[in-house]
Amino acid sequence: MKFQIEDVTVYFPYDYIYPEQYAYMIELKRALDAKGHSLLEMPTGTGKTIALLSLITSYSLSKPHTPIKLIYCTRTVHEMEKTLAELKLLHSYQLKHLGPQARILAIGLSSRKNLCVNPSVLAAENRDSVDAGCRKLTASWVRAMAAENPNVPTCQFFENYERAASSAVLPPGVYTLQDLRVFGKEKGWCPYFLARHMVQFANVVVYSYQYLLDPKVAGIISKEMQKESVVVFDEAHNIDNVCIEALSVSVRRQTLEGATRNLNRISQEIDRFKATDASRLRAEYNRLVEGLALRQNLPISDNWLSNPALPDDILKEAVPGNIRRAEHFLHVLRRLVQYIRGRLDTENVEKESPVSFVASLNSHAGIDQKTLKFCYDRLHSLMLTLEITDTDEFLHIQTICDFATLVGTYGRGFSIIIEPFDERMPHIPDPILQLSCHDASLAIKPVFDRFQSVVITSGTLSPIDLYPRLLNFHPVVSRSFTMSLTRDCICPMVLTRGSDQLPVSTKFDMRSDPGVVRNYGKLLLEMVSIVPDGIVCFFVSYSYMDGIINTWNDTGILKEIMQHKLVFIETQDVVETTLALDNYRRACDCGRGAVFFSVARGKVAEGIDFDRHYGRLVIMFGVPFQYTLSKILLARLEYLRDTFQIKEGDFLTFDALRQAAQCVGRVIRSKADYGMMIFADKRYSRHDKRSKLPSWILSHLREVNLNLSTDMALHIAKEFLRKMAQPHDKISGSGRKTLLSQEDLERMGDGSMHEMLY
């Protein structure tokens, strides 16, 4: 269907549109017109992705003189593929209506591991080894050697791509990662470097958050992006954590041992070069005297990770004299490693600011702040001079130089925390030094400053007013949408006590109470006997889940549950969890039904959908607060309180409830779906906790379901399932339209649209 939103003709590839999709498009257009940033919360399963894509591509088509580029950031490769599949459908629809003028180029960009087609490189097991394998075949000095000696191995795909030079382009179209690999194999070109090259010309680019937020990667990949771009962060409820991780570094004993090995190897390489080709080191020294002007014009295959500090904070001046010579730089790094090793030999937890750390480093090891700032760039220059290709072997020294550069660059918003052991296992010494960033706005600030519109969107952004404070920006549009349904297919309940009227909660003083554990077990046992198909249970942590399952096993509750349904458990091992999920799905498919035990903040809670019969009920056992004694969390809370005036309790509750909403939101993935949500903890009945849930869940949470015991919840569940089993009219049941056709949109003036949505 196609329809008008003010001056834009929107092409939408389906015959019907949900009212909330239409409202979402109107708000999104307002933000684009204002050239400002927006925060939009839209319930899961209501077609958020297609609404975004159709509006932004149509908006771009309606302004052919000033086309805008769409940069769409996802969290996982799976989400990236789903987005590109939706875009393919939309693109073919636009071509049908508009012909050749609707042509666009849209590509997904991922790491070499997902795009490489050279079998010898792909044989490596992890991402860093694939990157290094690629560098061994494509580095400029390797190719120069191969030109003289044909026995030196190179990558055929990269050589063909280089030979094709300016004719190596992608024709217009929408390319998923698979399409890029197929195209690369057909032409004999390297898909990874082709995609990297085409990013600057593409109308739509879909890639991971890190490519914009992590300065090490963004400095290489995203520096060519035009200012006239719209950046979309999808599923962005955890965006503050991604920003913080991008600027945090942790150093353990293994890192220091690895760094020492790296330094010995670099030292051998320097000696070898001195004997065979001393002019290279001299040329590098002269270049450094003139300033680090080399970085800009490197061949694409030599480009290594960029500086870990943000672009505005990097010094534009010559490298200090004391680290220009390679041997002197190695001495500085050895002293730094030695100093950190000394700091790790501590009995107590220590916390200090980067400023005092740098001062103490200067007095003990004689390394000043300016030297630290240049560590990363100087290491990069040295590795290029020494022609080192197996970069995966040098990750440890890279980490040390990352740490040094960040400590030297930033004084505020960071802390250095040294812990002699993990608090959960105090008898095992495992010292760790962490440079932890507390200010999420640091990493995202360059994105807000640089691009004209940034859209942050997800199914759980409540309370929506906290995000502008955490990320320190001013959205022009900030809205939360509810779900329009023909029937009440979501049934949230708050369970505060068991059948014996004892309160249930995972509060620290209550969680190991046998009464609570027994009531949780009884609740699950009652539910497995009446709910068909799949049930998903989320616990607050792995240790709590292990403890509860052991107790249920000892008391025989688990055996009774197994008589109704099979039980599968998420573990910290990815392979085991994937296997458990596959078998869980098989059990649901064959009608036996199953229970899946999972953990909030785990892999499953973040990315796996339990739609249709894979999830008819989700039980959230407890409130998933972070581990509140964590030193890093305490330091961050203190920073948020002092800088942004966000109270500790507010932030912790907000964080716990966005995780809970993320867990229970897994069951509804479309409007034809139905499911129940049980929040099993007495704290959810309190208004200050409950009110932080997304509005689309709250609008279905009735007063009578706020303070239930197990037997009452059982009764409500039976009623709900009976009601859902009745046939229903998909178009409209309650007089409110939940699917709009093109005629409906044309007929309605703006006023009646408004009534219908709110």
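Mentor: Let's start with a definition: two strands pair if DSSP finds at least two bridges between them. Keep in mind that this is a predicted model.

Trainee: OK, so how many bridges join β4 and β7, and in which sense do they pair?

Mentor: Strand β4 (residues 69–74) and strand β7 (residues 204–208) share five bridges, in the parallel sense. Cys73 faces Tyr207 of β7 there.

Trainee: What packs on the sheet there?

Mentor: Helix α2 (residues 48–62) does, and it touches β4, β7, β8 (229–233) and β13 (453–458). The direction of α2 makes about 165° with that of β4.

Trainee: And what's the strand order in the whole sheet?

Mentor: It's an open sheet of eight strands, running β6-β5-β7-β4-β8-β13-β3-β14, with parallel pairing.

Trainee: Which strands stand at the edges?

Mentor: β6 (173–175) and β14 (477–480). Each has a single partner strand, so one side of each has no neighbour in the sheet.

Trainee: Switching to helices: what span should α32 have, and what does the model give?

Mentor: Helix α32 (residues 710–724) has 15 residues, and at 1.5 Å a residue it should span 21 Å. Its end C-alpha atoms are 21 Å apart, which agrees.

Trainee: Which residues of α32 are buried?

Mentor: They are Thr710, Ala713, Leu714, Ile716, Ala717, Phe720, Leu721 and Met724. These cover an arc of only 165° around the axis, which puts them on the same side of α32. The face turned away from that buried side carries the exposed residues His715 and Arg722.

Trainee: Why would residues spaced along a helix point the same way?

Mentor: An α-helix has 3.6 residues a turn, so residues three or four places apart point the same way.

Trainee: What covers the buried residues of α32?

Mentor: The cover includes β15 (490–497), α23 (514–530), β20 (675–680) and β21 (708–709).

Trainee: New topic: how many aromatic pairs are there?

Mentor: The structure holds 30. In one of them, the rings of Tyr175 and Phe183 have centres 6.1 Å apart and planes at 65°, so that pair is edge-to-face.

Trainee: Are those two buried or exposed?

Mentor: Tyr175 is buried, because its relative accessible area of 10% is under 20%. Phe183 is buried too, at 11%.

Trainee: What about Tyr584 and Phe610, how are their rings placed?

Mentor: Their centres are 5.8 Å apart and their planes at 85°, so this pair is edge-to-face. Tyr584 lies in helix α26 (residues 574–589) and Phe610 in the loop between α27 (603–607) and β19 (617–621), so the pair ties together parts 26 residues apart in sequence. Both residues are buried.

Notes. Residues are numbered from 1 along each chain as its sequence is written. This is a predicted model: local features need pLDDT of at least 70, side-chain atom pairs count only at pLDDT 80 or more; totals for chains, interfaces and linings use all residues. Side-chain values use heavy atoms; hydrogens and water are left out. Helices (H or I, at least four residues) and strands (E, at least two) are DSSP runs, numbered from the N terminus. The expected span of a helix is 1.5 Å times one less than its number of residues. Buried means under 20% relative accessible area, exposed over 50%, partly exposed in between (1.4 Å probe, protein chains only). The arc is that of the directions from the helix axis to the C-beta atoms. Contact means heavy atoms within 4.5 Å. Axes are lines fitted to C-alpha atoms, for helices over the stretch in contact, and angles run from 0 to 180 degrees between N-to-C directions. Rings of Phe, Tyr and Trp (its six-membered ring) pair if their centres lie within 6.5 Å; planes under 30 degrees apart count as stacked, over 60 as edge-to-face and the rest as tilted.
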